[in-house]
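Dear colleague,

Please find below the structure that I am handing over to you. My findings follow directly after it.

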Amino acid sequence: ERAVGPANLTSVRDVGVLGEQSFVFGEGKNAPTIVLSGGAFNGNADPLGDFDPGLLYGGRLEFQRGDTYRTWDPEGGVAVGAGVSGLINRELATSTSAISGDLFLRLGPWSLVGEMGRAVIRPTDVTEGAPTVLEDTTRLSWSAQTSVFIGFRDEQGVEVAVRASSFDDNLRLSDNGDVLILHGGAIWRSVLPQLDLGAGFIHREELGGVKLPNDTIRIWTQIRPRRR
């Protein structure tokens with residue numbers, strides 16, 4: 001489950017073309033690496049068509065040292081990563097521009113992940129369609145997570161994590177679009193080969209507007225492809 005901030009600010013599944021280029025400085029799996037990526041997409045999250053003439057353009061610049069896409073590592077070690085991303089989406093009657101930055105740090109069994117993003121939605125040509133906003137609207141998101149991995153043997157172990165994430169869908173307003181979600185839980189890594197089991201508690205807090213009792217307890221399973 002993605003954090004509420006990044007999931008609402010920039011996260012879509014879209015059809016398009018993406019290019020990526022890596023620059024490795026040194027040798028070995030922990031060599032410092034810079035990754036550049038960019039692409040163009042249909043911009044409306046519809047895999048079977050395109051209902052407006054605009055395109056979404058996105059790009060990312062990333063630095064990584066070590067495996068920065070996994071919060072736990074039975075072998076320990078250090079991993080450091082940082083990235084900045086941006087997008088422009090020109091829809092029929094609105095235009096969205098967004099930028100975000102993220103950091104990753106893993107020191108042995110401990111990891112820390114943080115992300116912050118900002119988006120501005122503007123109405124454009126209202127003669128062709130109804131805009132999703134009536135005036136320039138600024139949205140803000142942030143997320144922070146920390147975890148500890150307690151290893152047993154081989155790749156088995158329990159990872160305990162907490163995460164806080166916030167999303168404000170309009171900085172001018174204080175309403176139910178201002179959300180804070182807290183996650184806390186644990187996952188048993190490799191309880192069977194490539195199989196994880198986990199459970200967690202999720203608390204949702206409306207920072208403005210009407211308070212809603214919607215806390216949940218969840219359990220899940222995860223099958224991971226074998227790493228080469």
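Arg70 is placed over the face of Trp72, at 4.6 Å from the centre of the ring. Please bear in mind that this is a predicted model.

Trp72 also takes part in the one aromatic pair that the structure holds. Its partner is Phe149: the ring centres are 5.2 Å apart and the planes stand at 35°. The pair counts as tilted because this angle lies between the limits of 30 degrees for stacked and 60 for edge-to-face. Trp72 belongs to the loop between strand 3 (56-65) and strand 4 (78-90), whereas Phe149 belongs to strand 7 (residues 137-151). With their positions 77 residues apart, the two link distant parts of the chain. Both rings belong to buried residues: Trp72 has a relative accessibility of 3%, and Phe149 has a relative accessible area of 8%.

As to the chain overall, it comprises one helix and eleven strands, and the helix comes before the strands in the order from the N terminus. Along the principal axes, the C-alpha atoms fill a box of roughly 65 × 50 × 30 Å. The protein chain has 228 residues, of which 36% count as buried. Among contacts with a separation of 6 or more, 51% are between residues 24 or more positions apart.

The accessible surface amounts to about 13400 Å², and carbon and sulfur atoms contribute 62% of that area. Finally, the chain carries 22 positive and 29 negative charges, whose mean positions are 7 Å apart.

With kind regards

Notes:
Residues numbered from 1 in each chain as written. Predicted model: local features only at pLDDT ≥ 70, side-chain atom pairs only at ≥ 80, totals over all residues. Heavy atoms only, no water. Phe/Tyr/Trp six-rings, centres within 6.5 Å; stacked < 30°, edge-to-face > 60°. Helix = DSSP H or I, 4+ residues; strand = E, 2+ residues; numbered from the N terminus. Buried < 20%, exposed > 50% of the residue type's maximum accessible area, 1.4 Å probe, protein only. Lys NZ or Arg CZ within 6 Å of the ring centre and 35° of its normal. Contact = heavy atoms within 4.5 Å. Areas by Shrake-Rupley, 256 points an atom, 1.4 Å probe, with all protein chains shown as cover. Lys, Arg positive; Asp, Glu negative; His and termini not counted. Charge placed at Lys NZ, Arg CZ, Asp CG, Glu CD.
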